[in-house]
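Open the model in your viewer and keep the sequence panel beside it. We will go from stop to stop, selecting as we go.

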Amino acid sequence: MIIQGLMNKLTRLSLMGFLLFAADASQPAKAQVKEAKKREDTGMRNQSLIERGRYIVEGVAMCERCHTPRDEHGNPERTNWLQGGPVQTEPTYPAPTWATREPRIAGTPPGTDAEFITLMTTGISRTGRPPNPPMPPFRMTRADAEAVLAYLKSLHH
Ligand code: HEC
């Protein structure tokens, strides 16, 4: 009887000890899982932002038609994607301010992030005026402009 009681007590004690230990050990593990999950969420958010930006650039605004040199068939060169170069279209109307170069926009587009967002959302460039034609005056939402910027930044140059 006494032995049995002692054994019970011992079992309880060691069980408690184990639980305490387990609770303690699982703290950092839980924090790690949470941290990894957060990183994954942020990664996924960035990834979908970049994908959205790619869709706007390639599927809607077609930035590459001007900002990428063309091959002999007139198609934008994938190897020089959004790297800029001499302007490739002629005006069909008298346009004294027609630009002569399209800047590289892959990697880091000209100006600050804020200036880029302003350009995409209002059509006004860092000069305080619209860029020269044929750069179109875009009126994107801020979310779309941020997605475009995320995509451009994701490209190496
Ligand atoms: C129809 C041709 C055309 C298209 C399409 C076009 N661009 Fe441009 N872009 C230009 C030209 C030309 C310039 C140079 C304008 C100048 O020199 O004032 C320019 C300039 C810029 C600049 C530099 C502005 C500055 O502050 O110097 C950025 C950034 C830019 N474009 C981004 C884009 C993005 C992003 C897209 C697609 C969403 C796009 N462009 C689509 C022709 C185009």
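Helices and strands here are DSSP runs, at least four residues for a helix and at least two for a strand, numbered from the N terminus. The model you have open is predicted.

**Stop 1: the iron atom**

Select the iron atom of the ligand. Which residues coordinate the iron atom? Pick His67 and Met135: they bind through NE2 and SD, at 2.0 to 2.2 Å. The site has six donor atoms and is octahedral, with angles of 87 to 179 degrees.

Now color by element of secondary structure. His67 sits in helix 2, residues 64-67. Met135 is in the loop between helix 3 (113-122) and helix 4 (142-154), so the pair ties together parts that are 68 residues apart in sequence.

Is His67 buried or exposed? His67 has a relative accessible area of 9%, and because buried means under 20%, His67 is buried. Met135 comes out at 22% relative accessibility, so Met135 counts as partly exposed.

**Stop 2: the largest pocket**

Keep His67 and Met135 selected, and add Pro103, Leu119 and Pro131. Of the 30 residues lining the largest pocket, these five are the closest to its centre. The space in this pocket is about 670 Å³.

Next, show the elements around the largest pocket. Helix 2, strand 2 (101-102), helix 3 and helix 4 each supply at least two lining residues. Helix 3 provides the largest share of the lining, four residues. Color the lining by class: 21 residues are nonpolar, four are polar and five are charged.

**Stop 3: the largest nonpolar core**

Select Leu82, Met120, Val148, Tyr151, Leu152 and Leu155. These residues touch the most other members of the largest nonpolar core, which has 22 residues. Helix 1 (2-61), helix 3 and helix 4 each give two or more residues to this core. Which element gives the most? Helix 4 does, with seven residues. As a general rule, nonpolar side chains tend to be buried together in soluble globular proteins.

**Stop 4: Tyr55 and Tyr151**

Stay on Tyr151, one of the core residues just selected. Add Tyr55, which you will find in helix 1. Draw a C-alpha to C-alpha distance between Tyr55 and Tyr151: the two are 9.2 Å apart in space and 96 residues apart in sequence. Turn on the surface at Tyr55. With a relative accessible area of 55%, Tyr55 is exposed.

How values were computed:
Residues are numbered from 1 along each chain as its sequence is written. This is a predicted model: local features need pLDDT of at least 70, side-chain atom pairs count only at pLDDT 80 or more; totals for chains, interfaces and linings use all residues. Side-chain values use heavy atoms; hydrogens and water are left out. Donors are N, O and S atoms within 2.8 Å of the metal (3.2 Å for Na, K and Ca); water is not among the atoms, so sites may look incomplete. Four donors count as tetrahedral if all angles lie between 85 and 135 degrees; four count as square planar and six as octahedral if opposite donors are over 155 degrees apart and all others between 65 and 115; anything else is irregular. Buried means under 20% relative accessible area, exposed over 50%, partly exposed in between (1.4 Å probe, protein chains only). On a 1 Å grid over the protein atoms alone, a cavity is a set of points where a 1.4 Å probe fits but cannot get out, and a pocket is an open set with protein on both sides within 12 Å along at least five of seven lines; lining residues have an atom within 4 Å of a point. Grid points are joined across faces, edges and corners, and a volume is the space filled by probe spheres set on the points. Ala, Val, Leu, Ile, Met, Phe, Trp, Tyr, Cys and Pro count as nonpolar, Asp, Glu, Lys and Arg as charged, and the others, Gly among them, as polar. A nonpolar core is a set of buried Ala, Val, Leu, Ile, Met, Phe, Trp, Tyr and Cys residues joined through side-chain atoms within 4.5 Å.
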